[in-house]
Amino acid sequence: MANRLAQAQSPYLQQHADNPVDWQEWGPEAFEEARRRDVPILLSVGYAACHWCHVMAHESFEDEETAQLMNAGFVNIKVDREERPDVDAVYMEATQAFTGQGGWPMTCLLTVEGDPIFCGTYFPRAQFQQLLHNAAEAWQSQREAVQEQGADIARQIREQLAPTSGADQLPDAEAMDAAVLALVAEFDTRFAGFGRAPKFPPSMLLEFLLRAYARGGDAKALEMVAATCQAMARGGMYDQLAGGFARYSVDAAWVVPHFEKMLYDNALLLRGYLHWWRISRDPLPERVVRETIGFLLRDLRTPQGGFASSLDADAAGSEGSTYVWTPAQLAEVLGAEDGEWVAGLCTVTSEGTFEEGASTLQLLGDPIDPARWARLRADLLDARATRVQPPRDDKVVASWNGWLISALAEAGVLFDEPEWVAAATRAGALLRDLHLVDGRLRRVSRDGTVGTAAGALEDYGAVASGWLTLYEVTGETSWLESAGALLDAGLADFPDGAGGFYDSAPAADGEPLLRRPQDPTDNATPSGASAFCAALVSYAAVTGALDYREAAETAIAKVVPLIAKHPRFAGEAAAVAEAMIAGPAEVAVVGRPDLERLARLSPSPGAVVVTSGPLTDGRPDPAVYICRHFACELPLTDPAEVAARLGVASV
C-alpha cells in the first residue's frame, strides 16, 4: 500500500512511495501531526541518483520491522535535497556540527519546533534500529534535556556568522594573483586537480583560472587547467563511449567514478572545456564538448525541451554495472582481435580497475587509428544499450538548466551548430513559460507541471545568465527583458540588508526552517550569491545600468578575502571578480556576421558580444565597436585588427 509520497512530484520521493514507512513531505502539516501525537520528527534527506540513499532504503525503509519503529515513535519526513536546497542546507549545518562531516542520506531527529536533537548520515539497519529505540526512550524519559539540547543547537545555527564576516575589499589584480598562487600550492602535481580522494571536478576553479590567464597571461593558471581537463577527460570519470562526466572520482587518479551523472556537473564542465578550447584550440576539449552535448541532448533532454536532473549511480541495484567491462566482454562484442586492441587502448585488464575484475574505460592516449576507435566505440555503445540502464530523475531544476543554456548556446555559436542554439532556446522558453509564476521563479518542474518550491538565489542567477546568453547569441531583446525582470525580482526578495544575499526565498507561511541559509562558498555548484552576481554583472554590461553592477560589487567585496586565501571554496566568486576587473568590455557587432564569431572567440572575462539592443542602436556603419561603459572606440572592420584588440588566438 502506497504512503503519502505517492502524490509527490519528486522522483526521489516517489522512490519511497511503496515503503512501509508512513512518509510525509516537508511542511507545516507534518509538524502539526508531530505536536498532536507528541513525538519527534525523523527527517531523511537525499536525492534520486544517490547510491547510499538506495542502500539505506533497501536495508531499513523497506524493512517492516524498522518501519514499525519509525511509524510508532516518529513523524517521518522525506526531503529531496534538489527540490528543497534550503531544508538541506540548514540541517546539513547541524549534521556537520554533530559529526564533523556531512553527506547523503542525511538522517536527523528533530523536536516539533524543528530543532535538531541528533544528526548523522547513513546508518546500517541494526545501528539505525538502535538509534530509533534510544531516541524514542530519551523522548519519553529525558524530554526536557533533549529539548534544551535541540534549542541550544538551533540557537547556534541561527547565530552563526557567515564565513565572509569582516572587512570588505573590492576585487583587484593583486587579490586574484594571490588566489592563483594559493591554487598552485594546492594543485595535485601527480594526478592533477585539487585535493585527495574522493576527487571532485573543480568546475568553478577552471573558469576562474582561464579568466586569470586571459587577464594576466599566468602560464601556471593555464597549465593547471590543461592538466586537470586532460586527466578528467582521459580517465574513468568521463564516459568514453557516450560522453558526459560522472559526479566525482572515488580515487585521486580519476580512474573509478561514483557513477551518477548530474546535469549540473556536465553543464559547468561544458563551460570549462569550451573556454579552454577557446584559448588553446586543442582538439581534446572540442571532442569533449561535442560528445558531452551529444549525451545531454540524447539522454537528458525531456519532451518539454528542458533537461533532466540526473542518471542514477545504480542500475538494478548494482553501481556501475552499465559502464564497466572485462576483457572477455570486449572480445564477446568486438571479436578477439578488436577486443584486445580496445582493452589495451582503454586500460581494461584481467585484474580490473573496478570490482569483480571489471574496469572502467580510460583513454589515456589518442588512438593511433581514430577511425577504428570510432567504429568500435559505436559498437560498444550499442552493446551497452542492451544492459540494464540507470534510472533517470526527470525533474527539471531551474538553475541547472540555466547553466546549461548558457554553455549550450555559446557552444552552438562557436562551433557553428545551430541545433545546439535551438535546444538552448527551447529550454530557455520552458523556464520562462512554465517556471515563472506571478513574476517569481519556481525551482522545479516535471512532465510539464511546475512544482511549488520557490526558486533559490542560484536559480535566479543561473536562469538570468542563461537568458542573457540567449540574448547575446540570438539578438532577441525579449530575453534581455526577461533577464532584467528576473534580476529585479531577485534584488527585491533576497538581500540580507548588509549588502549580501540570502540563498533561499523568504519562507512561506508556516515553514519551520531555523533560519534562511546563506553560504558564500561554492559546493558542487556555484554559491547562490556568485551565480546571482555573475548575472548582475552581465546585465549591467549589456544595458549600461550601473546599479546592477554596484549591487554585485558590494556582494563580491565581502568574499574577496576568502578568494585570496581559500580560492578552492570561492572559484565562481573569483571568476565574477575577474569579469569585474576586466570589464565591462562591450562588443557591438553591426551588420558584420563574418566578424561576429571572431568577436565571440575573445577570452576576455569582462566581454559581452551583442548584435542588437542599446549598444547597437544608432550605429549605421557595418563594423565591430569595442566599448567600455558604453564609450566606444573607433569602428573596426579588419579581422586581424579585431582579433588583436580582443585577444583572440589565431583562427
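Ala, Val, Leu, Ile, Met, Phe, Trp, Tyr, Cys and Pro are counted here as nonpolar, Asp, Glu, Lys and Arg as charged, and the others, Gly among them, as polar. The model is predicted, so local features need pLDDT of at least 70 and side-chain atom pairs count only at pLDDT 80 or more, whereas totals for chains, interfaces and linings use all residues. Residues are numbered from 1 along each chain as its sequence is written, and side-chain values use heavy atoms, with hydrogens and water left out.

**Exercise 1. Describe the second largest pocket by its volume, its lining and the classes of its lining residues.**

Solution. Start with the term: on a 1 Å grid over the protein atoms alone, a pocket is an open set of points with protein on both sides within 12 Å along at least five of seven lines, a cavity is a set where a 1.4 Å probe fits but cannot get out, and lining residues have an atom within 4 Å of a point. The second largest pocket holds about 760 Å³ of space, a volume being the space filled by probe spheres set on the points, which are joined across faces, edges and corners. Its lining has 32 residues, and Trp 26, Arg 84, Thr 452, Ala 453 and Glu 511 lie nearest the centre. By class, the lining comprises 14 nonpolar, 7 polar and 11 charged residues. At least two lining residues come from each of α2 (28–37), β3 (75–80) and α5 (85–99), where helices (H or I, at least four residues) and strands (E, at least two) are DSSP runs numbered from the N terminus.

**Exercise 2. Determine how many cavities of 30 Å³ or more the structure has, and which elements line the largest cavity.**

Solution. A search of the whole structure gives 3 such cavities. The largest cavity encloses about 870 Å³, and the elements that each give two or more residues to its lining include α9 (203–216), α11 (263–280), α23, α24 and β19. Of the 46 lining residues, Arg 211, His 275, Glu 410, Thr 469 and Ser 538 lie nearest the centre, and the lining as a whole divides into 27 nonpolar, 10 polar and 9 charged residues. For the second largest cavity the volume is about 160 Å³, and its lining has 10 nonpolar, 4 polar and 3 charged residues.

**Exercise 3. Check the span of helix α23 and decide whether the helix is largely enclosed or not.**

Solution. The expected span is 1.5 Å times one less than the number of residues. For the 12 residues of α23 (residues 571–582) this should be 16 Å, and the end C-alpha atoms are 17 Å apart, which agrees. Next, 10 of the 12 residues are buried, so α23 is largely enclosed by the rest of the structure; buried means under 20% relative accessible area, exposed over 50%, and partly exposed in between (1.4 Å probe, protein chains only). Among the buried residues of α23 are Gly 571, Glu 572 and Met 580.

**Exercise 4. Work out how strands β18 and β19 are paired and which unit they form with helix α24.**

Solution. Two strands pair if DSSP finds at least two bridges between them. Strand β18 (residues 585–590) is joined by 4 bridges to strand β19 (residues 607–610), and the two run parallel, with Ala 588 standing opposite Val 610 in β19. With helix α24 (residues 593–600), β18 and β19 make a right-handed β-α-β unit; a crossover is right-handed if, with the strands pointing away from the viewer, the path from the first strand over the helix to the second runs clockwise.
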